[in-house]
Amino acid sequence: LDGEVPLRIQARIQQDILTALRLADELDLRFTLEEATEAYLCIDELKQRSVPVIFGPIFETPRGAAMRSMEGRRSRYYTFEALLEAGISTALSAQELREEDGLARQAMYAMRFGASLDAALRAVTLTPAEMLGLSDQIGTVEPGKRADLVIWQGMPLEATSSIKVVLVDGEVVFDRR
């Protein structure tokens, strides 16, 4: 309640998102909203309160808990772009998804449904760093910052591009040159 620990609230459906907003109003809390499948139904409320959103994963058919609970049945591909258009600070998440549906694929989905390359890259780099209060250390490629880098053959995040080199902490960990 003192704001010493950043609060994140995971809420997928409209009713739960609005409940989180009411709770935050009542207790004067600042929080980051996670997943937010139905955020497109609450854009005005999120914008009015300047609530940052970690959106995703973007999916056609929900998996895991979202599938069993039916909380993903009203997802919309355009939600990420709608949040950005409203000026809401939005990062992308793949949650537990790996490999084929991992974070790079989430950024690709965002681009497929309206986001620019710059917006998609920012949503997986600088925006999360800002949300964590670490943008002075990570999030962009600048002297003095830590960086893990991916070098693509072709434009990053395009379906026909492939990863050629991955550097983690300055060391090459993957090389397909």
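What covers the buried residues of H1? I looked this up in a predicted model, where local features need pLDDT of at least 70, side-chain atom pairs count only at pLDDT 80 or more, and totals for chains, interfaces and linings use all residues. Residues are numbered from 1 along each chain as its sequence is written, and side-chain values use heavy atoms, with hydrogens and water left out.

**Entry 1: helix H1**

I found that the cover includes strand S1 (7-11), strand S2 (31-35) and helix H2 (43-48). Contact here means heavy atoms within 4.5 Å. Helices (H or I, at least four residues) and strands (E, at least two) are DSSP runs, numbered from the N terminus.

I then checked the span. H1 holds 14 residues, 14-27, and reaches 20 Å from its first C-alpha to its last. That is close to the expected 20 Å, taken as 1.5 Å times one less than the number of residues.

I listed Ile 17, Ala 20, Leu 21 and Ala 24 as buried (under 20% relative accessible area, 1.4 Å probe, protein chains only). They sit on the same side of H1 because they cover an arc of only 95° around the axis, judged by directions from the helix axis to the C-beta atoms. On the other side, Gln 15, Arg 22 and Glu 26 are exposed (over 50%).

Just after H1, I noted a positive phi of about 55° at Asp 28.

**Entry 2: the sheet**

I traced an open sheet of three strands, ordered S5-S6-S7, with antiparallel pairing. Pairing needs at least two DSSP bridges between two strands. Strand S5 (149-153) and strand S7 (171-175) are the edges, each pairing on one side only.

I looked up S6 (residues 162-168) next: four bridges join S6 to S7. Val 168 has Glu 171 in S7 as its bridge partner.
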